[in-house]
Amino acid sequence: MLKFKGIAAAPGISVGKALRIDKEDLIVPKTAIRQEDVPFQIQLFEEALIQTRREIIELQKRIATEMGQDQAQIFDAHLLVLEDRMLIEEVISRLKNELLNVAYIFHEVLKKYIDVFSKIEDEYLKERMADVNDVGKRVLRSLLGKKRTLLDDVKEKVIVVAHDLSPSDTASMHKKNVAGFVTDIGGKTSHTAIMAKSLEIPAVVGIDDITARVKSGDLLIIDGSMGMVILNPDEETLSEYQQEEIKLRGIAERFLTVKDLPAVTTDGKEIELNANIELPDEIPSIKLHGAKGVGLYRTEFFYMNRRDLPTEEEHYQEYKYVAEQMGDGQVVIRTLDLGGDKFLSQFEIPREMQHFLGWRAIRFCLARPEIFKVQLRAILRASVHGKLKLMYPMISGIEELRQANKILEESKEELRKEGIPFDNNIGVGVMIEIPSAAITADILAKEADFFSIGTNDLIQYSLAVDRTNEKVAYLYEPAHPAVLRMVKNIIDSAHSAGIWVGMCGEMASESALALILLGLGLDEFSMPPAALPELKYIIRSVSLVQAQEIARKAMTFLTGKEVEEFCQLKLREILR
Ligand code: PEP
Ligand code: MG
């Protein structure tokens, strides 16, 4: 038995067999397609073949100059694989018959070829097999638009062990086949961790060399609340954790008893409690955990795990569905926030050195208004079906807000001319997640309908701590006095201008710190659905006056640790 300590990324305890995913493994999604999608899938396949051909020719040229013509000729065999009529025709005919995505079909055909070749005792054919395998992986990568993806193939419940997982890898996991995951790298507020929380999959990240210690099939316990992983536990430890899991479930059930009651303090202050979602699939979970509405809809996940851009109609149907499902509850749609740790394969954006400081989110949308407008038009169109609001990510100052609003106005004007109805008074909010916006919140508040504080980014920018880097995770402190002062300034500025202010960063679900936020006057809290009942329970156990006193005291401490300890103590007193 061995124990490893990492970063607690998503709560819960799981026991299961490990499935180690190596860096080079490709996990291929299996999705049904419609008859009318067949030509598009064939086109994707053809493009992937062309793209791979281009890559191999490039490689061949480089090898020829660096190592000589002879070495470069090896790749002629690779190019031949790309022209293999039998392989291509088999893919197309199975695609038409089975109506499954082309990446999956291609992967299946490839496996069959390799299987057949590997059984033949012939040196020449063995080499051909290696060629087919190599080229096949290239084509698959091109089809998937990235290195690795999805885990739909997984049949029994496993604990995934990987060096790293991208947010889109995580988005493709499902509770029914993934009991948890562990990674070598990553931080608490990386989008991979956030996605795990949304899917309610326990996760521990940042265990340095876990992939070197664990092999597929090993028994693992993961404790996503404490950030612990236990390899091949003995009977006693196993039963201890099973008991712990029962205890945790009991606590969760206690919190759940308040889910349908209002989020109101003991002295009558009502708080708006909303959920963060990445995908409309999370709506049942929102309802189960008693959220009033959606405080952050991270729409960039809609662009992930696909090769094309969603059309206006697709966006519209998606937002209309969410708006209708939430009925009277408000739904805050955050416009496309790509970049940072969220890469989208459709956009050929070069990887940047400082990707969190680079060409992302609103910066990208303002530079590509034709892409931005597709989403804005769809949000406006869907606004007649419910209580929709929209908000812009990564606003650094008033000019960006004005530019974004100008494009919004143009979109409205277009719809007016086309006679398409929309809510002309749709609320337009600003995410406050860059220190410059936090400091000039008074300026922004005059031209915004509401604020939502994005602490995940605000903390990484103000403390200069990459939110995805486990090496500096110890510096990532929501309770840091600098963060608290900024949050206070944002709330005060919003209230002076008469607008409401919420928080949709992960800090909103840190139960002890919620006491400070409540005391500072935060109007809305938005978080992963499963975290909501506990917060509601806390809000219903404390008075606003008490929270104000806690906030006042907390603002006087010199370090985040003191703030944290003080709030934990207060929380224990309140919940006792
Ligand atoms: C944030 O930055 O706090 C936030 C909510 O947005 P995201 O986590 O998607 O960057
Ligand atoms: Mg953010």
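1. Start with Ala-10. In this predicted model, Ala-10 is found in strand 2, residues 7-10. Its relative accessible area is 1%, so Ala-10 is buried. Beyond its neighbours within four places in sequence, Ala-10 is in contact with eight residues: Ala-193, Ala-196, Lys-197, Ile-201, Pro-202, Ala-203, Gly-224 and Ser-225. Leu-288 is not on that list. Ala-10 and Leu-288 are 278 residues apart in sequence, and their C-alpha atoms are 18 Å apart in space.

2. Next, the magnesium ion, ligand 2. Which protein residues are its donors? They are Glu-433, through OE, and Asp-457, through OD. These donors lie 2.0 to 2.1 Å from the ion. The two residues are 24 apart and link distant parts of the chain. Glu-433 sits in the loop between strand 13 (427-432) and helix 15 (435-439). Asp-457 belongs to helix 17, residues 455-462.

3. Are these two donors buried or exposed? Glu-433 has a relative accessible area of 2%, so it is buried. Asp-457 also counts as buried, because its relative accessibility is 2%. The cut-off for buried is under 20%.

4. Now helix 12, residues 361-367. Ala-361 lies in this helix. Phi of Ala-361 is near 50 degrees, a positive value in a residue other than glycine. Ala-361 counts as buried because its relative accessibility is 0%.

5. Cys-365 is also placed in helix 12. Its relative accessible area is 1%, so Cys-365 is buried. Leaving aside neighbours within four places in sequence, Cys-365 touches Leu-336 and Phe-372. Leu-336 is 29 residues away along the chain. The C-alpha atoms of Cys-365 and Leu-336 are separated by 7.4 Å.

6. Met-394 has a positive phi too. The value is about 60 degrees, although Met-394 is not a glycine. Met-394 is in the loop between strand 12 (387-392) and helix 14 (398-418). With 0% relative accessibility, Met-394 counts as buried.

7. Helix 19 deserves a look. This helix spans residues 511-520. How many of its residues are buried? Ten of the ten are, so helix 19 is largely enclosed by the rest of the structure. They are Ser-511, Ala-512, Leu-513, Ala-514, Leu-515, Ile-516, Leu-517, Leu-518, Gly-519 and Leu-520.

8. What do the buried residues of helix 19 pack against? Two strands are among the partners: strand 15 (500-503) and strand 16 (524-527). The helices are helix 18 (481-496), helix 20, helix 21 (544-554) and helix 22 (560-575). Just after helix 19 comes Gly-521, with a positive phi of about 100 degrees.

9. Take the pairing of helix 19 with helix 20, residues 532-539. Their axes come within 10 Å and cross at roughly 50 degrees. That angle makes helix 19 oblique to helix 20. The crossing is right-handed. On the helix 19 side, the contact residues are Ser-511, Ala-514, Leu-515 and Leu-518. They meet Glu-534, Leu-535, Ile-538 and Ile-539 in helix 20. By class, this contact has six nonpolar, one polar and one charged residues. The spacing on each helix can be read against a general rule. An α-helix has 3.6 residues a turn, so residues three or four places apart point the same way.

10. Last, helix 21 and helix 22. Their axes are 10 Å apart and the packing angle is about 160 degrees. That makes helix 21 roughly antiparallel to helix 22, because angles over 145 degrees count as such. Helix 21 passes helix 22 in a right-handed crossing. Which residues of the two helices meet? Gln-546, Ile-550, Lys-553 and Ala-554 come from helix 21. Val-563, Phe-566, Cys-567, Lys-570 and Ile-574 come from helix 22. This contact has six nonpolar, one polar and two charged residues.

How values were computed
Residues numbered from 1 in each chain as written. Chains lettered and ligands numbered in written order. Predicted model: local features only at pLDDT ≥ 70, side-chain atom pairs only at ≥ 80, totals over all residues. Heavy atoms only, no water. Axes fitted to C-alpha atoms, helices over the stretch in contact; angles between N-to-C directions. Helix = DSSP H or I, 4+ residues; strand = E, 2+ residues; numbered from the N terminus. Parallel < 35°, antiparallel > 145°, perpendicular 65-115°, else oblique. Left-handed = near helix turned anticlockwise from the far one by under 90°. Contact = heavy atoms within 4.5 Å. Nonpolar A, V, L, I, M, F, W, Y, C, P; charged D, E, K, R; others polar. Donors = N, O, S within 2.8 Å, 3.2 Å for Na, K, Ca; no water. Buried < 20%, exposed > 50% of the residue type's maximum accessible area, 1.4 Å probe, protein only.
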